[in-house]
Amino acid sequence: MTTGQGRLLLQAAPFLRRGITTPRLMTEVIIGMGPVMLAAMYFFGLSALLVMLAGVAGAVAAEWAFGKARPRGASLRDGSAILTGLVLALTLPPGIPLWMAFLGGAVGLALGKSAMGGLGQNMFNPALVGRAFIQAAFPSVLTTWSAQGNINSFFTIRASNFALPFMHPAADAVATATPLGLMKFERQSTDLLHLLLGNTAGSLGETCALVILICGVIMAIRRVFDWRIPASILLTVAVVSTIVWLVDSSRYPAPWFMLCSGGLLFGAVYMATDPVTSPITPRGAWIFGAGVGVIVVLIRLWGGLPEGVMYAILLMNAATPLIDRVSQPRPFGRGRVAA
Amino acid sequence: MSATTPERVYAELTKGIWRENPIFVQVLGMCPTLAVTNSVMNAIAMGVATFFVLVGSSLLVSLLRRLIPREVRISTYIIIIATFVTLADSALEALVPAVHKELGAFIALIVVNCLILGRQEAFASRNPPLLALADAIGMGLGFCIALLCLGGTREILGAGSFLGVSLFGPNFEPWVIMVLPPGGFLMLGAVLLLFAVLRQRKRRPKEVGA
């Protein structure tokens, strides 16, 4: 991009760079997820570690197999496959058979990313594609939530983890319901303190609201992701559920319950912020988050499922190209009419 | 163009099975392919019915090709096809009523299967009966093979059985999605990918075979 014998340096935009590469960004996110992974292992023991390993193995295997066919080869080095596997595993129940976690990672990466043309081309969050596949293929397993162990039973691995491939898991003796399930089917709320500290049943990474919040704030300050997206999601959920709660507080859950339960925080911080599948414009980020928030509340309160974060994010992923188009900022010096 | 030599008949017969397979290569007739391949039995019934209709109408169209006016040829083909579909419909209802019930409207919809109409317009109406017959048999077989591939994999994964015979015992965890419509799309995509890879390898063995 330089011409003129070094006297006049001509360069195309952008002029300001932050020097962030894809591998570095992926590493930052994985490190930012570290405390959540540790919390998952604290609450669910070795099972959590095994499920995470299986998810990562599936994603990396699919990335490697499909990457061979691409002209640029497999992109294992950028760490995006590892991140996809980890995010997927953290949305799974602790008692899930390992072969299902592996399959979910592989399908998510193959279908959600490689089939679309690789990193940067995918329309939907690959981890959520994998989870949606598992949910559609094995609905009974994804609605079985085994209870938490304690630190003494760290090395006790859930028997259902070791179901043979293609076989269904043994019934878990200590299966229980998630806070959202309790709310939906038995109209029973859970203590805010339990939700914050993670002392509930649920997916591996979603139970401890406090850890996710702290990690999210740190990552937002380090500008790993666009803070507007999670802020907009949480704000929308808070506003909409407060209105609904004020209308009839006996039928609908309180806004703090809505915010701290289920996968909302985890989804808002680690999934909705995926730079590939979310809008790049600031206004677009607000619209995207508001859409996710509204759909989450709609599914949770009036839908058939207790939790709707996954479908909310996937639906808004589909709307992202459109949001990007309508939210383009006005070029400097142009009138509003021209846009 | 239409010299009926044995080599020519053989070429027309085999092209539909692999080189110009109606589903894997031409991607025609997707509606029955996606809708009824959730079990092997349904796939076989749909394949056989389509095969019968395709062979019958190709032969008849080829015999009548000089009598059909150009202006109304499509409607004439449709009437001929519909006649054979009615025959197939009644035969299936009499022979295998359970399968007929499960396939439902998709038997009647063979009339609008673009594979069949396509073969009439592209081949049977321009070639002598023997070639048209060979072409229809090849295409029909190719269609049956493709439906069996899809139906087989979807039944094995979605129900753990093949033709209703359990393969994995009572502890099998069925992939519910595979017997639902999305499973049809996923499986078809996977099979198309597989065949594309195979074809590419055949064409450029050194470049692609890594």
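**Figure 1. Contacts across the sequence of chain A.** In this predicted model, take the contacts in chain A with a separation of 6 or more: residues 24 or more positions apart account for 74% of them. Half the story is burial, with 50% of the 339 residues in chain A counted as buried. What does chain A show on the outside? Its exposed area is about 16,500 Å², and carbon and sulfur atoms supply 67% of that.

**Figure 2. The build of chain A.** Count up the secondary structure here and you get 13 helices and 2 strands. The radius of gyration of chain A comes out at 21 Å, close to the 20 Å that the globule rule gives for 339 residues, so chain A is as compact as a globular protein of that length. Along the principal axes, the C-alpha atoms of chain A fill a box of roughly 75 × 50 × 30 Å. As for charge, chain A carries 23 positive and 12 negative ones, and the mean positions of the two sets sit 14 Å apart.

**Figure 3. Helix 3 of chain A and its neighbours.** Helix 3 of chain A covers residues 80-90 and is mostly covered, with 10 of its 11 residues buried. Starting at the N-terminal end, the buried set reads A:Ser80, A:Ala81, A:Leu83, A:Thr84, A:Gly85, A:Leu86, A:Val87, A:Leu88, A:Ala89 and A:Leu90. Which helices do these buried residues pack against? Their partners in chain A are helix 1 (22-44), helix 2 (46-67), helix 4 (98-112), helix 5 (126-137) and helix 11 (264-271).

**Figure 4. A close look at A:Gly130.** This glycine belongs to helix 5 of chain A, one of the helices that the buried residues of helix 3 pack against. Is A:Gly130 buried or exposed? With 0% relative accessibility, A:Gly130 counts as buried, because the cut-off is under 20%. Leaving out residues up to four places away in sequence, A:Gly130 touches A:Leu88, A:Gly104 and A:Gly108. Of these, A:Leu88 is among the buried residues of helix 3 of chain A. For a sense of distance, look along to A:Gln148: A:Gly130 and A:Gln148 are 18 residues apart along the chain, and their C-alpha atoms are separated by 24 Å.

**Figure 5. The build of chain B.** Over in chain B, the secondary structure adds up to 11 helices and 2 strands. Reading from the N terminus, the elements go α-α-α-α-α-α-α-α-β-β-α-α-α. The radius of gyration of chain B is 19 Å, close to the 17 Å from the globule rule for 210 residues, so chain B is as compact as a globular protein of that length. The C-alpha trace of chain B spans about 60 × 55 × 30 Å along its principal axes.

**Figure 6. Burial, surface and charge in chain B.** Of the 210 residues in chain B, 42% are buried. Among its contacts between residues at least 6 apart in sequence, 75% join residues at least 24 apart. Chain B exposes about 10,400 Å², with carbon and sulfur atoms supplying 71% of it. There are 17 positive and 12 negative side chains in chain B, and the centres of the two sets lie 10 Å apart.

**Figure 7. How confident is the prediction?** The model as a whole scores ipTM 0.79 and pTM 0.84. Chain B averages a pLDDT of 87, and 95% of its residues score at least 70. Where pLDDT is low, don't read the predicted coordinates in detail.

Notes. Residues are numbered from 1 along each chain as its sequence is written. Chains are lettered from A and ligands numbered from 1 in the order in which they are written. This is a predicted model: local features need pLDDT of at least 70, side-chain atom pairs count only at pLDDT 80 or more; totals for chains, interfaces and linings use all residues. Side-chain values use heavy atoms; hydrogens and water are left out. Helices (H or I, at least four residues) and strands (E, at least two) are DSSP runs, numbered from the N terminus. The radius of gyration is taken over C-alpha atoms; the globule rule is 2.2 Å times the number of residues to the power 0.38. Buried means under 20% relative accessible area, exposed over 50%, partly exposed in between (1.4 Å probe, protein chains only). Contact means heavy atoms within 4.5 Å. Accessible areas come from the Shrake-Rupley method with a 1.4 Å probe; for residues, only the protein chains shown count as cover. Lys and Arg count as positive and Asp and Glu as negative; His and the chain ends are not counted. The place of a charge is taken as NZ of Lys, CZ of Arg, CG of Asp or CD of Glu. pLDDT is the predictor's confidence in each residue, from 0 to 100.
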